[in-house]
Amino acid sequence: MGREARALGSIVRRNFHLIRRYLGWEVVFLFYNIVNTLTIGLIGLSLPPSQRAKTVVYLAIGALLWNFLSILFQEIANAVSWERWEGTIEYSFMAPIHRLTYLFGVCLYAVLYGLLRTMIVLLAIMFFFHVSIRHADWMGALLVLFGSVLPFIGLGLMGAVLPLISTERGAQATQIIQGVLLLVSGVYYPVSVLPMWLRWFSYASPATYTLQASRAAILQGRSMGSVVGVSLELMLSGFILVPLGLWIFTSAEQWAMHRGTLKRNG
Amino acid sequence: MDTEAFNQTLALECHHIWKVFSNTSRNGWHRIITKTEAVRGIDLKVPRHQILGILGPNGSGKSTLIRMMATLLIPDQGTISVFGMDVLRHRMEVRRLINRVSVEASFFKKLTARENLAYAAGLYGVPNLRAQQEATRILERLGMPKTKLVVPLENLSRGQQQKIAIARALLTSPTLMLLDEPTTGLDPTSRREVQDFILQVRAEHDATILISTHDMQEAERLCDRIAIIDQGKFVANDSPGELIRLWGENHGLEHAFFRLTGRDLINEQESL
């Protein structure tokens, strides 16, 4: 157990070391993130005064949550591609630790890193838009956010499988999945505006429920009790998606070890 | 690991290993599947404390074989045991006993040697402080100053990176070291230092070492036995002296290699 904990810590530490080494890029990405969020929020300011505050918050919630959830998905899904690119995948995968520990380390880092970046963007939003949300139920919103972590980890694990299966196209496919989630989850608009055939996809995305419940808690000040149900449903879907993701990942790893695709770069 | 397994006289045993790779390409609407027999029915026994060299031209199956021993590739047929434990059924136990240095030093290039070593130590459950002290000691022995530990790996020469890779492998005190062309691309001095170090590791750490190489002199200097592999098959497996006597007409290992494989290794290397 102690050995696994030490390994877990070393994976998280390694990734934070990498952030430090790529600090220039981190600053650029963060800057772009902030500017992108502010730009989206500014759309709200173009509306009549009576709708401004609400629209800005509506859009900001979307931008912030998407920021967090997409980082979560991206970091987990790209873990394999990243190791392949660095040429370390074989070293990491032949270490005497359970694959669960490795993946849990990647997920833990993704959560911490996602929270850190989202907090910085949130501070920028608060500084830029002076909107007050007096009736917001922040605890409820946090509960929803907490509930959405697990299903997104599950999705990330499934996404991480793709580079294992297809060396060349796997990483590209994870970007496509991320794009589809952005389109169908109602990040900046209600899913009701989507054509019916696309709306079916939105029902399958955990982000749809996260966004709807968070907006209900923050904009309408719904009590924590009213979002507990959604949060539990999200967690429940996580309890299905995470083991499923792990099973798919380990099966794909076995497949890659049969085919000899663990090693190749590109 | 249980003592009984460790006390096995055989560090490594391969029984009739086969590995075939399939490659799919397209010609219009047609899928063309080509199969490459990378390893063909290899049998091997490596007693504990031995240094076994695997000598073979490029694409002969050396790295594939080492990958299978390192639990990174699953054989299509046959079994591999490390200290009596099957590499597939006891994967975790085997991984605790082995470490591998590959031809391409697999590091996070932006991280310093110290950060890379800390990561490796964590994966193998070695306390970080102990790992750093040990790594410093090993690297000093390999002629690398302490200051290099805080330099990003991408700023070090290939030889220096390879020395750090060896230090990293030794941190975990492996009882079976798999060295896949560890000295390829090193200058003569670094090559000599690494070779001396390999001999020292065997003497001090009670390690069994399997080394694949292109270098005839290296094989002759380091190895107790040399297995020559060609097109996925062992064509000879004997002590260097016997190989030279039986196949080299006393003209050296290169001559023996040429006769056994029908190829000139040096020309092949140069053509790459």
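How many residues does the contact take from chain B and how many from chain A? In this predicted model, the contact takes 35 residues from chain B and 35 residues from chain A. The points below describe chain A on its own and then return to the contact with chain B.

**Fold of chain A**
- Chain A holds 11 helices and 0 strands, and its pattern, followed along the sequence, reads α-α-α-α-α-α-α-α-α-α-α.
- Chain A is as compact as a globular protein of its length, because its radius of gyration of 19 Å is close to the 18 Å that the globule rule gives for 266 residues.
- The C-alpha trace of chain A spans about 60 × 40 × 40 Å when taken along its principal axes.

**Packing within chain A**
- Among the 266 residues of chain A, 52% count as buried.
- Of the contacts in chain A with a separation of 6 or more, 82% are accounted for by residues that lie 24 or more positions apart.

**Surface and charge of chain A**
- Chain A has an accessible surface of about 12,700 Å², and carbon and sulfur atoms make up 72% of this surface.
- Chain A carries 19 positive and 10 negative charges, and the mean positions of these two sets are 6 Å apart.

**Contact between chain B and chain A**
- About 3,500 Å² is buried between chain B and chain A, with 59% of that area coming from carbon and sulfur atoms.
- On the chain B side, the residues that lose the most area to chain A are B:Phe108, B:Tyr119 and B:Leu123, which together give 19% of what that side buries.

Conventions:
Residues numbered from 1 in each chain as written. Chains lettered and ligands numbered in written order. Predicted model: local features only at pLDDT ≥ 70, side-chain atom pairs only at ≥ 80, totals over all residues. Heavy atoms only, no water. Helix = DSSP H or I, 4+ residues; strand = E, 2+ residues; numbered from the N terminus. Rg over C-alpha atoms; globule rule 2.2 N^0.38 Å. Buried < 20%, exposed > 50% of the residue type's maximum accessible area, 1.4 Å probe, protein only. Contact = heavy atoms within 4.5 Å. Areas by Shrake-Rupley, 256 points an atom, 1.4 Å probe, with all protein chains shown as cover. Lys, Arg positive; Asp, Glu negative; His and termini not counted. Charge placed at Lys NZ, Arg CZ, Asp CG, Glu CD. Buried area = accessible area lost by both parts, 1.4 Å probe.
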